[in-house]
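Biologist: I should like to go through this structure and ask how each label assigned to it is justified. Please set the values against the cut-offs as we proceed.

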Amino acid sequence: MLGALYAAAAAGLPTLADSGYEGAGIGIHTPIKQPDGNQVLSPDNRTYNRLLRALCCLGERGFARRSSVV
């Protein structure tokens, strides 16, 4: 799976991944984790996470629909 992520990122495509791929490299966008303690994410980081989830869910839905047809 990482090979496909790296190839897409190297081609300049925005590459979205879940938090399991944190630290995978440049060009691979993962959610920003909640800080420790009583700190909260900034509004910019919360918006980034919300947009990332919204885009990922479209791809996941497409995969689910395709696999149910095949």
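Modeller: The model is a predicted one. Asp44 is located in helix α2, which covers residues 43-69.

Biologist: Why is Asp44 called exposed?

Modeller: The term exposed requires over 50% relative accessible area. Asp44 has 63%, and therefore it is classed as exposed. Between the C-alpha atoms of Asp44 and Tyr6 there are 26 Å in space, with their positions 38 residues apart in sequence.

Biologist: What makes Ile28 buried?

Modeller: Buried residues have under 20% relative accessible area. The value for Ile28 is 10%, so the label buried applies. Ile28 belongs to strand β2. Leaving out residues up to four places away in sequence, Ile28 touches Leu5, Tyr6, Ala9, Thr15 and Ala17.

Biologist: Which residues form the largest nonpolar core, and why does Ile28 qualify for a core?

Modeller: Leu5, Ala9, Ala17, Ala24 and Ile28 make up the largest nonpolar core, five residues in total. A core takes buried nonpolar residues joined through side-chain atoms within 4.5 Å. Ile28 is buried at 10%, so it meets the burial requirement. Another member of this core is Ala17. Beyond its neighbours within four places in sequence, Ala17 has contacts with Ile28, His29, Thr30, Pro31 and Leu52.

Biologist: How do you know that Leu2 is partly exposed?

Modeller: The range for partly exposed runs between the 20% limit for buried and the 50% limit for exposed. Leu2 has 37%, which places it in that range, and therefore Leu2 is partly exposed. Leu2 lies in helix α1, residues 2-10. Apart from residues up to four places away in sequence, Leu2 touches Tyr21 and Ala24. Leu2 and Arg50 are 48 residues apart in sequence, and their C-alpha atoms are 23 Å apart in space.

Biologist: Why may Leu16 be counted in a surface patch?

Modeller: Patch residues need over 30% relative accessible area. Leu16 has 31%, so it passes that cut-off, and the value also makes it partly exposed. Leu16 sits in strand β1, residues 15-16. Together with Leu55 and Leu58, Leu16 forms a nonpolar surface patch of about 280 Å² accessible area.

Biologist: What makes the pair Glu22 and Lys33 a salt bridge?

Modeller: The distance from nitrogen to oxygen must be within 4 Å. For the side chains of Glu22 and Lys33 this distance is 3.1 Å, and therefore the pair counts as a salt bridge. The pair links distant parts of the chain, eleven residues apart: Glu22 is in the loop between β1 and β2, and Lys33 is in the loop between β2 and α2. The structure holds one salt bridge. Side chains of opposite charge can pair when their charged atoms come close. Glu22 has 47% relative accessibility, so it is partly exposed.

Biologist: How does the radius of gyration of the protein stand against that of a compact globule?

Modeller: The protein has a radius of gyration of 14 Å, whereas a compact globule of 70 residues would have one near 11 Å. The C-alpha trace spans about 45 × 25 × 20 Å along its principal axes. Of the 70 residues, 17% count as buried.

Biologist: Which pattern do the helices and strands follow?

Modeller: The protein contains two helices and two strands, and along the sequence they follow the pattern α-β-β-α.

Definitions and conventions:
Residues numbered from 1 in each chain as written. Predicted model: local features only at pLDDT ≥ 70, side-chain atom pairs only at ≥ 80, totals over all residues. Heavy atoms only, no water. Patch = residues over 30% accessible without salt bridge, like charges linked within 9 Å, V, L, I, M, F, W, Y side chains within 5 Å. Areas by Shrake-Rupley, 256 points an atom, 1.4 Å probe, with all protein chains shown as cover. Helix = DSSP H or I, 4+ residues; strand = E, 2+ residues; numbered from the N terminus. Buried < 20%, exposed > 50% of the residue type's maximum accessible area, 1.4 Å probe, protein only. Contact = heavy atoms within 4.5 Å. Rg over C-alpha atoms; globule rule 2.2 N^0.38 Å.
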